[in-house]
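Please look through the model shown here before reading on. The report that accompanies it is written for someone meeting this structure for the first time.

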Amino acid sequence: MGEIDSVENSTEKAGLILALNSGSSSLKFGVYYRGANDEEPLLAGSANGIGHSNGSLHIRAAGGTSLVQRERIHESQSDALATLAESLAAHIASPPVAVGHRVVHGGPNLRRHQIITPQFMDELRSAIHFAPLHIPQALALIATAQSIFPSAAQFACFDDAFHQTIPEVASRLPIPQRYSDLGIRHYGFHGISYESLVHLFGAELPERAIFAHLGNGSSLCALRNGISIDTTMGLTPTGGIPMGTRSGDLDPGVILYLLRNAKLDVDKLEDLLNHQSGLFALSSGESDVKKLEERARSNDPNARLALDVFAVSVRKTIGAYMALLGGVDLLVFTGGIGEHSDSVRSAATNGLELLGLTADKIQIVPTQEERQIARHCREMMINRWP
């Protein structure tokens, strides 16, 4: 507590920034202050198991000391934020001057990090049809944060903003122009994660890089000189490679078959593609890679199949991006699976040395999404936001 007090006193003029990173069943967060050269964490943590019986809240100081460890059921991200705010008040003397929100999707008209205004909220509501699973949750969390921290500036950091550099040959979908004009295109996500890696490498980032963010949601990105030129997720975060419970890309005929013959309505189809597919479907009910690896070691064929499909999909994408880039100078694995699963990384790169991907070009780097959100917020505050 003394360390936190001293940091707060030395950074009082700059103020604290609360960065919120909302997932499907989690809320990761960090409180940051302006250090000598970068945003530095004062404390961080997560609320996990949101909506489930195994909910928990963990807060730790920058040095790793546990400040709060509480088992509690949270019905929603907003409920978790309310609990978080109560806990933060006991460990920081002043409320944050800004709150940064990771927003997955804002449709075609919201593609830059920006201050949240009533007009912004109206625009985000009008884009719900682009991400009906994500935008309502973001709207609710923003409203809760505005209520809890009424004096703080609220900022939205979009997960697809980093991919605006993707050329038309990659962003344009082969559908009639009238649908493209409505905003149906290849967007790409995990952009805040990829931005954090670009920032981390700085001038050391080589010309040709491939980033693989592998977690419950997974994607890969091809970068030239730090600029995104292609990525696997498409119109929504459901697209791309198979994931924990998401299908990834499918033959459109599969969708038509399910609509016509399985008699699924749109809501049931959406639930199937986002919550009942991917590794969960292939393994007959498990999406956690660590548990799948345990089952595979016990000769469970379904678990082995799920892991193989996932790794081969990653490997094929790496190979395709090497062809797109004309080779690769750096491959980075990040995300929960990318950072912690030796077997997935090994299977995903097996044989690619024949294409020039040698071990010295592969790195494992933790993502820093919350810190990147704080960087964007501070920059917008300094520039008085666009």
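The following paragraphs describe the sheets, the packed helices and an aromatic pair.

This is a predicted model, in which local features need pLDDT of at least 70 and side-chain atom pairs count only at pLDDT 80 or more, while totals for chains, interfaces and linings use all residues. Residues are numbered from 1 along each chain as its sequence is written, and side-chain values use heavy atoms, with hydrogens and water left out. Helices (H or I, at least four residues) and strands (E, at least two) are DSSP runs, numbered from the N terminus, and two strands pair if DSSP finds at least two bridges between them.

## The sheets

An open sheet of eight strands follows the order 5-4-3-2-1-6-8-7, and its pairing is mixed. Its edge strands are strand 5 (66-71) and strand 7 (114-115), each of which pairs on one side only. Within this sheet, strand 3 (residues 39-48) and strand 4 (residues 56-61) run antiparallel and are joined by six bridges, with A47 standing opposite L57 of strand 4. Strand 4 also pairs with strand 5 in the antiparallel sense, over five bridges, and here R60 stands opposite S66 in strand 5. The hairpin of strand 4 and strand 5 has four residues between the strands, and in this hairpin G64 takes a positive phi near 105°.

An open sheet of five strands has the order 11-10-9-12-13, again with mixed pairing. Strand 11 (227-231) and strand 13 (362-364) stand at its edges with a single partner strand each, so one side of each is left without a neighbour in the sheet. From one strand to the next, the twist averages 25°, where angles run from 0 to 180 degrees between N-to-C directions and axes are lines fitted to C-alpha atoms, for helices over the stretch in contact. Strand 9 (residues 208-213) and strand 10 (residues 219-224) run antiparallel and are joined by six bridges, and the bridge partner of H213 is S219 in strand 10. Helix 12 (residues 301-325) lies across strand 9, strand 10, strand 11 and strand 12 (330-334), running at about 15° to strand 10.

## The packed helices

Two packed helices are described by the angle between their axes and the distance between the axes. The table gives these values for three pairs.

| Helices | Angle | Axis distance |
|---|---|---|
| Helix 7 (residues 191-201) and helix 15 (residues 369-382) | about 80° | 8 Å apart |
| Helix 3 (residues 118-126) and helix 4 (residues 135-148) | about 160° | 9 Å apart |
| Helix 8 (residues 252-260) and helix 9 (residues 266-275) | roughly 135° | within 10 Å |

Angles under 35 degrees count as roughly parallel, over 145 as roughly antiparallel, 65 to 115 as roughly perpendicular and the rest as oblique. Contact means heavy atoms within 4.5 Å. As for residue classes, Ala, Val, Leu, Ile, Met, Phe, Trp, Tyr, Cys and Pro count as nonpolar, Asp, Glu, Lys and Arg as charged, and the others, Gly among them, as polar.

At an angle of about 160°, helix 3 is roughly antiparallel to helix 4. Their crossing is left-handed (the near helix is turned anticlockwise from the far one by less than a right angle; clockwise would be right-handed). F120, M121, L124 and R125 of helix 3 make the contact with I135, L139 and I142 of helix 4, and by class this contact has six nonpolar, no polar and one charged residues.

Helix 8 and helix 9 are oblique to each other, and helix 8 passes helix 9 in a right-handed crossing. Their contact is made by I255, L258 and L259 of helix 8 and L269, L272 and L273 of helix 9, with six nonpolar, no polar and no charged residues.

Helix 7 and helix 15 are roughly perpendicular to each other. In helix 7, I192, S193, E195, S196 and H199 meet E369, Q372, I373, R375 and H376 of helix 15, a contact that has two nonpolar, five polar and three charged residues.

## An aromatic pair

The structure holds three aromatic pairs, where rings of Phe, Tyr and Trp (its six-membered ring) pair if their centres lie within 6.5 Å, and planes under 30 degrees apart count as stacked, over 60 as edge-to-face and the rest as tilted. One of them is the tilted pair of F120 and F158, with 6.0 Å centre to centre and 50° between the planes. This pair links distant parts of the chain, since F120 lies in helix 3 and F158 in strand 8 (residues 153-158), 38 residues apart.
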